[in-house]
Amino acid sequence: MAEDLDTRLDAIYDAVLAYEAGRAAELVRQETARGTGCQQILTDALIAAMDEVGDQFAEGRLFVPEMLMAAKAMKAGLEVLRPLLSATDAKPIGTIVIGTVHKDLHDIGKNLVGMMMEGGGLKVIDLGVDVPPDRFLAAAQEHRPDVIGLSALLTTTMPNMRKTVDMLRGVGYNGRIMVGGAPVNAAFAEAIGADGFAPDAPGAVKLARKFIGAADA
Amino acid sequence: MRARAVALLDRHGVAVNHPQAVERLRAAGCRVDAGDKRVRIPAELTTEAVAAAPRSITLCGKDPRHDLRLPRADGTFWMRTGTGAHGFIEPHTSAYRKLVLDDVRTIATLADTLSEVGFIAHPFVNGVPEVTADVHGLGTLLAYSTKHNWIQPYGTENIAYLLRLAALTAGGEAALRARPIVSCIVCSFTPLEFKTMDVEALIQCARLGVPIHACSLPTAGGTAPVTMPGTVLMAVAEILAMVVLAHVLGPGTPVIATPLIFCLDMRSGRSLQSSVEALAGASMAVQVMKRGFGLPTHTYGAGSDTPDIDGQSQAERALIAFLVGLAGADVLGGVGQLECATVFSPVQAVIDNELGAMARNYLRTAAIDDESLAWDDLLKLDPGGNFLATEHTLRHCRTGFAPAAFTRQARDAYEAAGRRDLAAQARDMLDGILRAHPARPVVDAATEAEMRRVIAGADAKIAG
Ligand code: B12
């Protein structure tokens, strides 16, 4: 039975909200097979679902692991689209390189931000913890990310954020840099020449999408 | 829980990022695959290490009147100030700002006078090179307080400088060994791993006879299982691993079991130290380490997740103090700390001192005998009689707890005084304390100058 497009996109949206990665991927596959535009599936089903997830999380209705499971389902759908998206002239979703700065091993917050970014449709390259500036640099050159996210939880390692920013700017990296972590704030971000700060994971995703210029951000 | 913790170390083991330590653990009977850092600890070794660990520990004050014996003779606890805070709440304006070296002097002087605070930890100091902030913080604490101090190193290279400062203050390494005026935190890197820095701290402390606080900070739902028993198991296993490390690398080193249990708030993703689950976990872990393994214990016994000295803060810290006190903790940490261990408030520290005193009085349960039952008076009681002016009441009228910050005013007096609340009262007490005790170095000028040289050396070498 030929349901209408809206109903089918809703089904993808529902699969994400039900954390069903397999079903989300399968429905996206069927939809592309029907010839529906990738950009439409992405925007109207997958990203729309994650926006809803973000809202529900902000309102305290959805909990962290639920949000992350939804993000996984979103990512499963996105993986189906990714090769098709790059083959067409569809607007790329954006890439972020993220890591915890040199000498800092705290990664719970960074991981949360990374997983949420994936849920927000970004391609995430996670460099892990204790990442020296030159590894950020190498990743910047290799992946040409739209955004680089630096995390630090120790006041002792905050200077390594500055070093990383200096080094990236020094070689002419012209994407955006955002910083975060418990002792970090907007004033510090500005002082070290980063482009922005977010206090939590949903805020980080919003900021990244603003940087990338996602239409719906 | 005890059996599972020992089994986890035996079957899963811990990763130790310190090749020499791994070698010595292997020599002591641990199973290590070639080229691997994963150390599986046989149950017998854990049992042996626990049996050999000191049951009672003395943390010496610079002034011997401030020596602390753990467990405390009356069966209660000592408190210690919060560590690692980078923010400071101004006593009078309640404004938040970065914590600076001057604030460490305030903390040192204040904590020296607080009756329940046994020892003092250094917060994070802004305005000095970040990477040597621990050296600056400890230097100031050592120079301005007469109580025992707690070291929290921020880097492997810093450990030697921190211990050198302690030895200088104590009057040399032998004097430090004889009277350890400092103790040091050694942390696991949850889950089930140990960083180079912490193993190195353990080795260097053991060499000088400096007691260690074997600290595990699992985050339920983050680095540890979301269900509290699983998180407690993680903490217990990691602390036992540190007992084994101490036994192998520095036999006889005093080890204080220090579970600091955190929760990841499933709704916001924030780190919490005072959620109901975190409190239940801390109480559980303390009971396992203390009653189950017989070791002295230390956990948060103050502290709140709210950023301010508000009602939530008082409720959370009262709950913690009583719960972990009842569980048997020997040291209650976190005096003055707010916003999940990132902020220090001296006003809150004054209130914490009072809450701690209350909890201790509560825990010192009265013996049940003829005197406490007032048996003779009861037998002699006339109809319509009372206890207002009996010899028995006179004998005991001062044994009840007399709060200094809590109000017991009636409405009229309360209104007349301008409805002053607990924080206002604590603020006045703080002002009084700081007026009466201006920050003054407790070490002689030559020692202070030598300490300054050590700190400058650390700056040049580490911050260089
Ligand atoms: C858990 C924890 C640990 C764990 C870390 C486990 C892990 N795998 O991450 C362990 C036990 C290993 C640890 C070790 C240490 N820790 Co620690 N730790 C904490 C604790 C309690 C919670 C941190 C946390 O996980 N929060 C939960 C996450 C979800 O929140 P978050 O990280 O802030 O992230 C959120 C936001 O900040 C933001 N965000 C984060 N990153 C990014 C990045 C970007 C780009 C953006 C936009 C946003 C963003 O979004 C996140 C999600 O909402 C904090 C106290 C605190 N309240 O922060 C101390 C704390 C940070 N640690 C501290 C210290 C001192 C240490 C040690 C030196 C202790 C020691 N002696 O070993 C070591 C250092 C190890 C090292 N070299 O890194 C101090 C720091 C003091 C200071 N001001 O510098 C603190 C404040 C505790 C204290 N009072 O002493 N720690």
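Start in chain B of this predicted model by selecting strand β10 (residues 148–151), which pairs with β9(B) in the parallel sense over three bridges. Within this pairing, look for B:Ile120, which stands opposite B:Asn149 in β10(B).

Now extend the selection to the whole of β9, residues 117–121 of chain B. Is this strand enclosed or open to the outside? Five of its five residues are buried, so β9(B) is largely enclosed by the rest of the structure. Add strand β6 of chain B, residues 78–81, which pairs with β9(B) in the parallel sense over two bridges. Here B:Arg80 stands opposite B:Phe119 in β9(B).

**A mixed sheet in chain B**

Stay in chain B and select the four strands of an open sheet, whose order is β2-β3-β1-β12 and whose pairing is mixed. At its edges are β2 (31–32) and β12 (193–194), each paired on one side only. Then pick β1 (residues 14–16) and β3 (residues 38–40) of chain B; they run antiparallel and are joined by two bridges. B:Val14 is the residue that stands opposite B:Val39 in β3(B).

Show the helices next. Helix α1 of chain B, residues 2–11, packs on this sheet and touches β1, β2 and β3 of chain B. The direction of α1(B) makes about 130 degrees with that of β3(B). Helix α2 of chain B, residues 19–27, also packs on the sheet, touching β1, β2 and β3 of chain B, and its direction makes about 130 degrees with that of β1(B).

**The nonpolar cores**

Which residues have the most contacts inside the largest nonpolar core? They are B:Val16, B:Ile41 and B:Leu240, in a core of 127 residues. Select helix α9 of chain B, residues 228–249: with 17 residues, this helix gives the core its largest share. Domain 1 (2–44) and domain 2 (52–363) of chain B both contribute residues, so the core lies between them.

Centre the view on B:Leu240. Neighbours within four places in sequence aside, B:Leu240 is in contact with B:Ala5, B:Val6, B:Leu9, B:Thr46, B:Val50, B:Met289 and B:Phe293. A second, separate core has 47 residues, including A:Leu27, A:Val28, A:Leu81 and A:Val205.

**An exposed residue in chain B**

Before leaving chain B, select B:Glu391, which lies in helix α15 (residues 391–396). Is B:Glu391 buried or exposed? Its relative accessible area is 55%, and the cut-off for exposed is over 50%, so B:Glu391 counts as exposed. Draw a distance from B:Glu391 to B:Arg420: the two are 29 residues apart in sequence and 36 Å apart in space, C-alpha to C-alpha.

**Chain A: two domains**

Move to chain A and colour domain 1 (2–87) and domain 2 (94–212), as given by the domain assignment. Their C-alpha centres lie 26 Å apart. The contact between them takes twelve residues from domain 1 of chain A and eleven residues from domain 2 of chain A.

**The parallel sheet of chain A**

Select the five strands of the open sheet in chain A; they come in the order β2-β1-β3-β4-β5, with parallel pairing. The edge strands β2 (123–126) and β5 (196–197) each have a single partner strand, so one side of each is left without a neighbour in the sheet. Strand β4 of chain A, residues 176–180, pairs with β5(A) in the parallel sense over two bridges. In that pair, A:Met178 stands opposite A:Gly196 in β5(A).

Two helices of chain A can be added here. Helix α5, residues 108–119, packs on the sheet, touching β1 (95–100), β2, β3 (147–151) and β4, and its direction makes about 170 degrees with that of β1(A). Helix α9 of chain A, residues 201–212, packs on the sheet as well, touching β3, β4 and β5 of chain A. The direction of α9(A) makes about 170 degrees with that of β4(A).

Zoom in on A:Thr95, in strand β1 of chain A. A:Thr95 counts as buried, at 16% relative accessibility. Apart from neighbours within four places in sequence, A:Thr95 is in contact with A:Leu122, A:Lys123, A:Ile125, A:Pro145, A:Asp146 and A:Val147.

**Last stop: the cobalt atom**

Which protein residue is the donor of the ligand's cobalt atom? A:His106 is the only one, through NE2 at 2.3 Å. Select A:His106 in the loop between β1 and α5 of chain A.

How values were computed
Residues are numbered from 1 along each chain as its sequence is written. Chains are lettered from A and ligands numbered from 1 in the order in which they are written. This is a predicted model: local features need pLDDT of at least 70, side-chain atom pairs count only at pLDDT 80 or more; totals for chains, interfaces and linings use all residues. Side-chain values use heavy atoms; hydrogens and water are left out. Two strands pair if DSSP finds at least two bridges between them. Contact means heavy atoms within 4.5 Å. Axes are lines fitted to C-alpha atoms, for helices over the stretch in contact, and angles run from 0 to 180 degrees between N-to-C directions. A nonpolar core is a set of buried Ala, Val, Leu, Ile, Met, Phe, Trp, Tyr and Cys residues joined through side-chain atoms within 4.5 Å. Buried means under 20% relative accessible area, exposed over 50%, partly exposed in between (1.4 Å probe, protein chains only). Domain bounds come from an automatic or database domain assignment. Donors are N, O and S atoms within 2.8 Å of the metal (3.2 Å for Na, K and Ca); water is not among the atoms, so sites may look incomplete.
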